[in-house]
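Welcome! Let us walk through this structure together, beginning with a pair of helices and then moving on to where two chains meet.

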Amino acid sequence: MTSPDVSNGMKIYQYDKSAALFRRAAKVIPCGIYGHFSPTPCVPVSAYPFFSERTEGAKFWDVDGNEFVDYMCAYGPMVLGYHHPVVDEAYQAQMKRADSNSVASPKMVELAEFMVDMIPVADWAFFAKNGADVTNYAAMIARAVTGRNKIIAIAGGYHGTTPWMQAAGHHGTIDDDLTHIRRIPWNDFAALERVVAEHPNDVAGFIASPYHHPIFVDNEMPAEGYWQKVQQFLKKNGIVFIIDDVRCGFRLHMGGSNELFGFKPDLICFCKAIANGYPISALVGTESLKNVAAKVFHTGSFWYSAGPMAAALACLQELKRIDGPKIMADQGKKLLAGMVEISKAHGYHLQVSGAPSMPYLRITDDASLMLHQQWCAECTRRGAYLTSHHNWFVSTAHTDEDIQRTLEIADDAFKAVKQAR
Amino acid sequence: MNESLIKAYLNLHAVFQNLEDLVKFDEPMAQLIRDWDLTVEFVVRNGPSAFVEFKNGVCRHGATAHDNPTVRLYFTSAGHLNRMFDGKATPIPLKGFLRLGFLKREFAQLTDRLTYYLRPELGKPDDESYVKLNTILTLQTAIYAVKVLGMLEPTSKKIAAHIPAGALQVEVLPAGPCLHLVFDKGGISVAKGPAKQPMAKMAFKNLQVANALLTGKLDGFLAVANGDVVLQGQLPMVDNLNLILDRVPRYLV
């Protein structure tokens, strides 16, 4: 006799405490849980936990005590595994000495020196807290150095939630926020040429992620030669080339993801994986932009906190030492090969796009995504935390055992999906 | 397109289509129109047209001109039509002069009843049957308004341009209403009933939840998290739908 909360020996998770906590949250917090942690895109929401209790390695435990192999990795920041001893010790040691205080920390200099040494494009580094802090700063630098207005971005590209980065009609934005923003399709070099021609001497910067990783649709790699043509064209037209490496940074290449694709931007924005979860972001740039960067006033209350800087230094050193991007790519490939095979065995086609260390998956048998949502939900209810709308993340802490367990879950989830249909 | 013209389209194409359901669900109105056999057409100079046809106890709304209406009412401007909807102006009859008395009495009774159901401050928000019809008609108005705004209003057009192609179904469980919008390369169509192959679905748990959301008493994000509203499929369709829906009160109170 099988209990309704067990499937082939696998426990089907319930989230009573999460739901209760959410009801409390809803009374005092807009949306209950806001932003990209909002349960809204999790379909159905009843399959997902809302609150975590603790984390370790590649796993987290929710407030109901359910254990998950985590393929969202805090949406990117977790890269070496939760509570990585090297990073945590560096952070704690720094916190014992000093964190936020009235003057800057030597750790800021050490971290900048390390990044300048490691990242070929970088002649300087600047630190903030979140990705949008540095994408904003990059746009300001581009405008300051060129004296121009327009920023070109990719349609569907995400660079934060500042009004100029949002799509038209979003709450809290006005049409004028987008007056100087032009969006072009990904991989469309002709569109870039056209927009620049339409605005002679008025395009300050071009911002894009190293490959196209929007949500809800397949991710796309750069076409052969695309970035090289873009780099040459932007240079010829005096347009600042900004790479938003917030999501990919240090998951694909320690020198910046552009190194993997063989091109050199003027500015690179980093965040997420830079400090294994400690709050810090960075903008690095070329020597030619350093003086202008100095003139653009941009700051924040916690941008000098030394603890996260120590964590970032330790994280980057450790990722470099172990060749973190290779480990993540290898583990990602194992996971994806297994999942594709299992889906085939069940008669489904699982489309994989993006980098193996941060893949986007989609069951193509149903264009509405409802089937894919159902499968991701069944996986999550069995202990593999993955969303259906966003790329997943693989860390260096995902072990072969974690992957094997995930594949067993994926198999049982496909069985459940088939049964329900 | 100016605000007044958009409002005129909304009044004729989003609000007036509710007459179809008003006479279906409200018994006094069903009785009122039972023996009507006529078509009333509304024509706005340099603006929208629409008609409502009554026959065999059924009302049919059309978002176009009519070939041979019984009554043709003309409005010199979008503002003229909008003032009529606010009860502050009268139309210019171009056809059906013998029916003017009918328009002032019976037809006005019908439109007054529609106003009653669409404006809770005039109705009985504690009465279950009132709330039911108020919810049905308000939801239909909102979804039909999405088509109007998505095709005509500059900001909504930009939002609609981001909506993936396909059908988006909106329904109230367990017994309806159910409507769907179809987005296709800038074109938008709307219809009552379920979609054949919806790319996305937004389902309200019941009429009470739908009413609370439509009247702004319930936070949509919370409703989703609590399971009171269930979303499925291509959620960018739903996200963008909601952005347009939130613009409807700029034009319709």
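**Two helices in chain B**

In H6(B), Ala142(B), Ile143(B), Val146(B), Leu149(B) and Gly150(B) meet Leu241(B), Ile244(B) and Leu245(B) of H10(B); contact means heavy atoms within 4.5 Å. By class, seven nonpolar residues, one polar residue and no charged residues make up this contact of H6(B) with H10(B). Here Ala, Val, Leu, Ile, Met, Phe, Trp, Tyr, Cys and Pro count as nonpolar, Asp, Glu, Lys and Arg as charged, and the others, Gly among them, as polar.

This is a predicted model, in which local features need pLDDT of at least 70, side-chain atom pairs count only at pLDDT 80 or more, and totals for chains, interfaces and linings use all residues. Residues are numbered from 1 along each chain as its sequence is written, chains are lettered from A and ligands numbered from 1 in the order in which they are written, and side-chain values use heavy atoms, leaving out hydrogens and water.

How do the two helices lie? Helix H6 (residues 128-152) of chain B and helix H10 (residues 235-245) of chain B pack at about 90°, their axes 9 Å apart. H6(B) and H10(B) are therefore roughly perpendicular to each other (angles of 65 to 115 degrees). Helices are DSSP runs of H or I, at least four residues long, numbered from the N terminus. Axes are lines fitted to C-alpha atoms over the stretch in contact, and angles run from 0 to 180 degrees between N-to-C directions.

Now look at the two chains: 23 residues of chain A are in contact with 23 residues of chain B.

Conventions. Angles under 35 degrees count as roughly parallel, over 145 as roughly antiparallel, 65 to 115 as roughly perpendicular and the rest as oblique.
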